[in-house]
Amino acid sequence: PGLERLSSDQLPEVVRTYMASMPSGCGAVEGAIVRAPKLHRAINDALTRSPNVLLVGPPGTGKTVALEDFRHLFESGGTALFFDPTRWHDGFAGGGTSATTKARSLVFHPSYSYEEFVLGLYPKPAAAAGGGVDLEPRPGPLLSLAHWAGDPGRAALLILDEFNRGNAAAIFGDTLALLDKEKRRQVGGGGLGATIDRPYQDRAVQVLPEFTAGGTVDLPAQLSLPSSLSILAALNSSDRSVAPLDAALRRRFSIVRVEPDLEVLGQRLGARTPPTPPGNPDPTLWSTTDVADLAVLLLETLNRGIEAILGSDFLLGHALLWDVSGDSPEAAVAALA
């Protein structure tokens, strides 16, 4: 009595399930490796606030890596589970889910369109005896995943990389009105959400069989997005020659800023903490640790100058120096050079 907060009942369900499956109540479970755990945790936190999350940062900061890891973990059991060993209580964050999951990954580009992403007309051989060509409406990944995720116990993830390399506002089109969290349809009751009229009302529109929901492949005349569909996107902040995001689209996403990570780079290269400049100006006398320290310091110094002159959107990502290594100090110096 009085120590209920310490009960194993307070552990996340996924942990208790694994504990119960082990004969002695003790053992080890192998999990997936997250290459950027801090960023992954930030994505998890952002998704609790909004079903739409946008990663924004310079190239080479690990955005695409984070998208790949997030999809892998999502498909293999839902969101990641993190533990903070510095806390005596309530150290777990995030958690698995018993939902059936489905994910799709896309890369926007200048010729990508609403017709490919939401719904478009495509030619097919005409059924008439005289032959010819007919047109049929085909749903894109947004409506297909939204239809599938409409069943209870399902969760869908749509990943959009290079988000600003296409005209994102035109690609989303009228579905922009359905993105907000408060406008999403609550699966299993609790709110119908916002709806829009489906294009091509005079034609039946069907998803592929793998996206069947409620026993049907037919899309309704009124379109909505379920709360169980998450959209995770990423863009390079230094891209100025592509389509800018308008305010209406940007405000519907929870923004996660992704900066160059010197700590991750130092761990990768085996640098000291904090990194120390080589004590000798002669590179032939350096160790591989000296080269690793110099790589971290070099990136930090360059980015300080770039931020002062051009701004944080143009910083150099830590991936630029990710492979500064070698079997010898000479090889590491050559890689850095």
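These are my notebook entries on one chain, looked up in a predicted model.

**Entry 1: the whole chain**

I started with the overall picture. The chain has 337 residues, and 39% of them count as buried. I found ten helices and eleven strands in its secondary structure. Along the principal axes, the C-alpha trace spans about 85 × 65 × 35 Å.

Next I looked at how the contacts are spread along the sequence. Taking contacts with a separation of 6 or more, 71% come from residues 24 or more positions apart.

For the surface, I noted an accessible area of about 17,900 Å², with 56% of it belonging to carbon and sulfur atoms. On charge, I have 29 positive and 38 negative side chains, and the centres of the two sets lie 5 Å apart.

**Entry 2: helix α3**

I checked the length of α3 against its residue count. This helix covers residues 63–75, and its 13 residues should span 18 Å at 1.5 Å a residue; the end C-alpha atoms are 18 Å apart, so the two agree.

Which residues of α3 are buried? I listed Lys63, Ala66, Leu67, Asp69, Phe70, Leu73 and Phe74. Two charged residues are on that list, Lys63 and Asp69. The buried residues of α3 pack against α2 (37–49) and the strands β1 (52–57), β4 (100–107), β7 (154–161) and β10.

**Entry 3: helix α9 and what follows**

I ran the length check on α9 (288–309) too. Its 22 residues should span 32 Å at 1.5 Å a residue, and the end C-alpha atoms are 32 Å apart, so this one agrees as well.

The buried residues of α9 include Asp290, Asp293 and Asn303, along with Val291, Ala292, Ala295, Val296, Leu297, Leu299 and Ile306. Part of their cover comes from α8 and α10 (329–336). After α9 comes glycine 311, and I read a positive phi there, near 110 degrees.

**Entry 4: serine 224**

I went to serine 224 in the loop between β9 (222–223) and β10 (229–236). Buried or exposed? Serine 224 has a relative accessible area of 15%, so it counts as buried, the cut-off being under 20%.

What does the side chain of serine 224 pair with? I found a polar contact of 2.8 Å to the side chain of arginine 185. Beyond its neighbours within four places in sequence, serine 224 is in contact with Ala146, Leu178, Ala194 and Thr195, as well as Arg185.

**Entry 5: valine 258**

Valine 258 sits in the loop between β11 (254–257) and α8. Its relative accessible area is 5%, so I put it down as buried. Leaving out residues up to four places away in sequence, valine 258 touches Leu39, Leu55, Val56, Gly57, Pro58, Thr61 and Lys63. Lys63 had already come up among the buried residues of α3.

I also took one C-alpha distance from here: valine 258 and proline 277 are 19 residues apart in sequence and 27 Å apart in space.

**Entry 6: backbone oddities**

Most residues other than glycine have a negative phi, and most peptide bonds are trans. I went looking for exceptions.

The peptide bond from threonine 273 to proline 274 is cis, with omega near -5 degrees. Proline 274 is in the loop between α8 (262–269) and α9.

Glutamate 162 is not a glycine, yet its phi is positive, about 50 degrees. I placed glutamate 162 in the loop between β7 and α6 (168–172).

Tyrosine 200 is another non-glycine with a positive phi, about 60 degrees. It lies in the loop between β8 (196–197) and β9. With a relative accessible area of 27%, tyrosine 200 is partly exposed.

**Entry 7: two exposed loop residues**

Glutamate 182 is in the loop between α6 and β8. At a relative accessible area of 64%, glutamate 182 is exposed. How far is its C-alpha atom from that of tyrosine 200? I got 27 Å, for two residues 18 apart along the chain.

Alanine 28 is in the loop between α1 (13–21) and α2. Its relative accessibility is 74%; the cut-off for exposed is over 50%, so alanine 28 counts as exposed. From alanine 28 to arginine 41, 13 residues apart along the chain, I noted a C-alpha separation of 23 Å.

Technical notes:
Residues are numbered from 1 along each chain as its sequence is written. This is a predicted model: local features need pLDDT of at least 70, side-chain atom pairs count only at pLDDT 80 or more; totals for chains, interfaces and linings use all residues. Side-chain values use heavy atoms; hydrogens and water are left out. Helices (H or I, at least four residues) and strands (E, at least two) are DSSP runs, numbered from the N terminus. Buried means under 20% relative accessible area, exposed over 50%, partly exposed in between (1.4 Å probe, protein chains only). A polar contact is a pair of N or O atoms within 3.5 Å; within protein, one must be able to donate a hydrogen and the other to accept it, and residues adjacent in sequence count only if both atoms are side-chain atoms. Contact means heavy atoms within 4.5 Å. Accessible areas come from the Shrake-Rupley method with a 1.4 Å probe; for residues, only the protein chains shown count as cover. Lys and Arg count as positive and Asp and Glu as negative; His and the chain ends are not counted. The place of a charge is taken as NZ of Lys, CZ of Arg, CG of Asp or CD of Glu. The expected span of a helix is 1.5 Å times one less than its number of residues.
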